[in-house]
Amino acid sequence: MIELKGVSYIYPNGNKVLEEIDIRIEKGSFTTILGDNGSGKSTLIRHMNGLLKPSVGVVSVCGMDTASSTDIWEIRQTVGMVFQDPHSQAVGATVEEDVAFGPENLALENDEIRIRVTNAIANVGLEGLEGYLLMYLSGGQLQKTAIAGVLAMAPEILIFDEVTSMLDSDSRSQIIDIVRQLNKRGKTVVYVTHHMEEALFADRVILLENGSIESDGAPRDVFREIDASGRKVPPHLELAFRLQDAGMISPDVFPMDALSLKE
Ligand code: ADP
């Protein structure tokens, strides 16, 4: 689906941020890119839809080269991106207008636009709020609107860049739940975060440090490596693992929710 081969990236000011990255993202997978602020996560995922082009190496999306100017429009439609700040992504006055903006620009038939908007709004659980003005929505509702707007473009791959970092804990678990449901319904997901607990549901975690891949594997294996390297896995996460292993919380429940119930 997405393949990065030998990718390095140097910003115009000479700042070398990615160093020989090799990644293959498979169709239908859920990959989390985990790393501290400044480790290069945003720079990396901006290569996955051609927003940035590698200084060295090749990036392909469904066989299309992101360096090719003829493929870039198709690539942008194949890979949808949701960003951190829900306010900066709003383009319409109401939820419905906002979600319809993308498909309207694709010059689709009106009926097709209606179907896409209705389905996208339902997929993020905003039914009933179609006519609401965005200015009266909470951060979480705005972020759901942004996700619906991207879904209405019918991308095969969804990239989420720190989408919960400006949200309260309730909205955060709701957004994570939506992302998981979308993956279960077949979307390929790349989820960027610096929160280890948000990496739990991925099939695979790629740990980025100073622009290089430090670890790549199943979440628990990556956490074990983090632990072995002397960096602390948060105690609540350790506790969640133990409770999961003891069968006291379902592996399917977001551990933060399960733990807060036990407080
Ligand atoms: P993350 O998403 O993990 O926080 P970024 O990809 O945003 O990391 O940034 C990685 C590094 O690249 C940081 O040192 C940052 O300062 C630098 N950087 C980001 N954008 C630019 C830019 N436009 N020009 C120069 N350096 C940049």
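This briefing describes the surroundings of a ligand and the packing of two helices. The model is predicted, so local features need pLDDT of at least 70 and side-chain atom pairs count only at pLDDT 80 or more, while totals for chains, interfaces and linings use all residues. Residues are numbered from 1 along each chain as its sequence is written, and side-chain values use heavy atoms, with hydrogens and water left out.

**Around the ligand**

- The residues around the ligand (those with a heavy atom within 4 Å of it) include Tyr-11, Asn-13, Asp-36, Gly-38 and Lys-41.
- This shell divides into two nonpolar, eight polar and two charged residues, where Tyr and Val are among those counted as nonpolar, Asp, Glu, Lys and Arg count as charged, and Gly is among the polar ones.
- Helix H1, residues 41-46, gives the most to the shell, with three residues; helices here are DSSP runs (H or I) of at least four residues.

**Polar atoms facing the ligand**

- A polar side-chain atom of Lys-41 lies 2.9 Å from an oxygen atom of the ligand, and a polar backbone atom of Gly-38 is 2.7 Å from a ligand oxygen atom.

**Two packed helices**

- Helix H3 (residues 95-105) and helix H5 (residues 139-151) pack at an angle of about 35 degrees, with their axes 7 Å apart; axes are lines fitted to C-alpha atoms over the stretch in contact, and angles run from 0 to 180 degrees between N-to-C directions.
- The contact (heavy atoms within 4.5 Å) is made by Val-95, Asp-98 and Val-99 of H3 together with Thr-145, Ala-148 and Gly-149 of H5.

How values were computed. Polar contact = N/O pair within 3.5 Å; in protein donor to acceptor, adjacent residues only side chain to side chain.
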